[in-house]
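Subject: Handover of a structure

Dear colleague,

Please find the structure below, followed by an account of what was found in it.

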Amino acid sequence: MLLPIFHHYPQSPIAEKIRITFGIMGMEWQSVQIPRIPPKPLLMPLTGGYRRTPVLQLGADIFCDSQAIAWQLGLQNSNAPAYQLSNKSLELILGSFGEAILFSLSVRVVLTTSMGKASEEFIKDRGSLYFEPGWTVEEMKNSLPSILLQLQAAFDLINHHLLENGPFINGDIPSYSDAVVQHCVWFLCGRWEGGIDFIKPFDAVCKQREAIASLGHGISHDISAEQALETATKNIPNAPMGINCKFTGGLRRGQRVKIRPNGRTSDPDVIGALRYLDETVIIIDYEHEETGQVAIHFPVLGYQISAL
């Protein structure tokens with residue numbers, strides 16, 4: 001059985017969400033460390049130009065975006081599941097809440113409070129992904145109190161749920177939804193000097209943090225980016241083929257399509273031939289001289305998908 005290959009870097013909060021999930025699962029995995037900012041010349045041949053972190057690789061199948069990764073981890077054999085399959089929809093709904101609200105607010109706090117401390121190149125790069133076009137330092141700093149009020153409201157909702165149903169989101173069993181919460185806690189407490197004090201009033205979230213931290217990150221083995229590329233060349237994609245949804249947006253199997261995150265961001269388009277589409281997942285075939293043919297998996301939610 002192929003071990004998952006995880007392309008990430010240690011400081012990435014979204015990668016931490018998946019590393020926490022590996023710990024919940026007791027998963028064995030292979031680790032490839034990638035640069036924090038582009039260029040990423042040994043990653044993009046696998047992803048068709050997708051530049052965000054993290055990326056999961058299973059042979060010649062490439063999973064971009066943590067929602068696509070979470071979907072796949074729910075299918076993996078492991079010591080414990082990423083989530084109960086009967087709960088999959090709710091787990092991924094909570095994952096969308098985590099991306100759209102909890103992480104979005106958290107990254108605004110961390111990046112805004114890092115201005116003048118982190119490198120200008122890093123802030124400019126991340127601002128092009130997470131802030132509105134034309135953002136200014138003054139605007140970000142002026143909006144910080146409002147962002148913190150919203151973040152407080154989000155954690156209060158989570159804390160109340162944990163008080164009534166905890167210690168984990170699903171009661172006594174940890175799952176991906178706990179990683180959705182705790183990667184933001186990890187990010188805030190590790191990268192913002194006010195993070196620990198901000199989280200402290202949320203007792204149940206703090207207890208959840210301790211319980212999740214005790215599970216670790218599974219068992220990882222370091223490999224090189226070149227080894228990951230070689231793995232892709234030695235395998236063929238196992239992804240399904242076809243169209244499996246009523247509304248297709250006019251897309252057809254084999255048609256060239258482009259995929260990019262929602263919003264006006266600096267992300268490049270990812271272009272390939274449509275291999276598979278259902279209500280939640282889109283998969284494209286992509287070929288590069290360094291990898292051969294790979295199948296790149298994206299979630300439908302959160303992405304602009306259009307024919308070429």
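Which residues are buried in helix 9 (residues 203-213)? In this predicted model, they are A204, V205, Q208 and I212. Because these residues span an arc of only 100° around the axis, they lie on the same side of helix 9. The face turned away from that buried side bears K207, E210 and A213, which are exposed. The cover over the buried residues of helix 9 includes helix 1 (13-25), helix 6 (137-165), helix 7 (176-191) and helix 8 (195-199).

Two of these covering helices each contain a residue that may serve as a landmark. H183 belongs to helix 7 and, with a relative accessibility of 0%, counts as buried. Leaving out residues up to four places away in sequence, H183 touches P13, I14, E16, K17, I20 and F103. In helix 6 one finds L148. Apart from neighbours within four places in sequence, L148 makes contact with V109, W192 and F198. The C-alpha atoms of L148 and S266 are 26 Å apart, and 118 residues separate the two along the chain.

The strands may be described next. Strand 1 (residues 5-8) and strand 2 (residues 28-33) run parallel and are joined by four bridges. The path of the chain from strand 1 to strand 2 passes through helix 1, and this β-α-β crossover is right-handed. Within this pairing, F6 has S31 of strand 2 as its bridge partner. Strand 2 also pairs with strand 5 (residues 219-222), again over four bridges and in the parallel sense. There, W29 is opposite S220 of strand 5.

Strand 4 (residues 61-64) is covered on both faces: D61 and F63 on one side, and I62 and C64 on the other, are all buried. Strand 3 (residues 55-58) runs antiparallel to strand 4, and four bridges join them. L56 has F63 of strand 4 as its bridge partner. The two strands form a hairpin with two residues between them, and G59 in the turn shows a positive phi of about 65°. Strand 4 is further joined to strand 10 (residues 292-299) by three bridges, and these two strands run parallel. The bridge partner of D61 in strand 10 is A295.

Aromatic side chains deserve a separate paragraph. How many aromatic pairs does a search of the whole structure find? The search yields 11. One of them joins F103 and Y130 edge-to-face, with 5.7 Å from centre to centre and 75° between the planes. Since F103 lies in helix 4 (residues 88-114) and Y130 in helix 5 (residues 120-130), the pair ties together parts that are 27 residues apart in sequence. F103 has 4% relative accessibility and therefore counts as buried, whereas Y130, at 28%, counts as partly exposed. F103 is also among the residues that H183 touches. Elsewhere, F155, W192, F198 and F202 form one aromatic cluster; two of its members, W192 and F198, are contacts of L148.

Charged side chains also meet aromatic rings. The charged end of R36 sits over the ring of F122, at 4.6 Å from the ring's centre. K88 lies over the face of W71, 3.9 Å from the centre of the ring.

With kind regards

Notes: Residues are numbered from 1 along each chain as its sequence is written. This is a predicted model: local features need pLDDT of at least 70, side-chain atom pairs count only at pLDDT 80 or more; totals for chains, interfaces and linings use all residues. Side-chain values use heavy atoms; hydrogens and water are left out. Buried means under 20% relative accessible area, exposed over 50%, partly exposed in between (1.4 Å probe, protein chains only). The arc is that of the directions from the helix axis to the C-beta atoms. Contact means heavy atoms within 4.5 Å. Two strands pair if DSSP finds at least two bridges between them. A crossover is right-handed if, with the strands pointing away from the viewer, the path from the first strand over the helix to the second runs clockwise. Rings of Phe, Tyr and Trp (its six-membered ring) pair if their centres lie within 6.5 Å; planes under 30 degrees apart count as stacked, over 60 as edge-to-face and the rest as tilted. A charge sits over a ring if NZ of Lys or CZ of Arg is within 6 Å of the ring centre and within 35 degrees of the ring normal.
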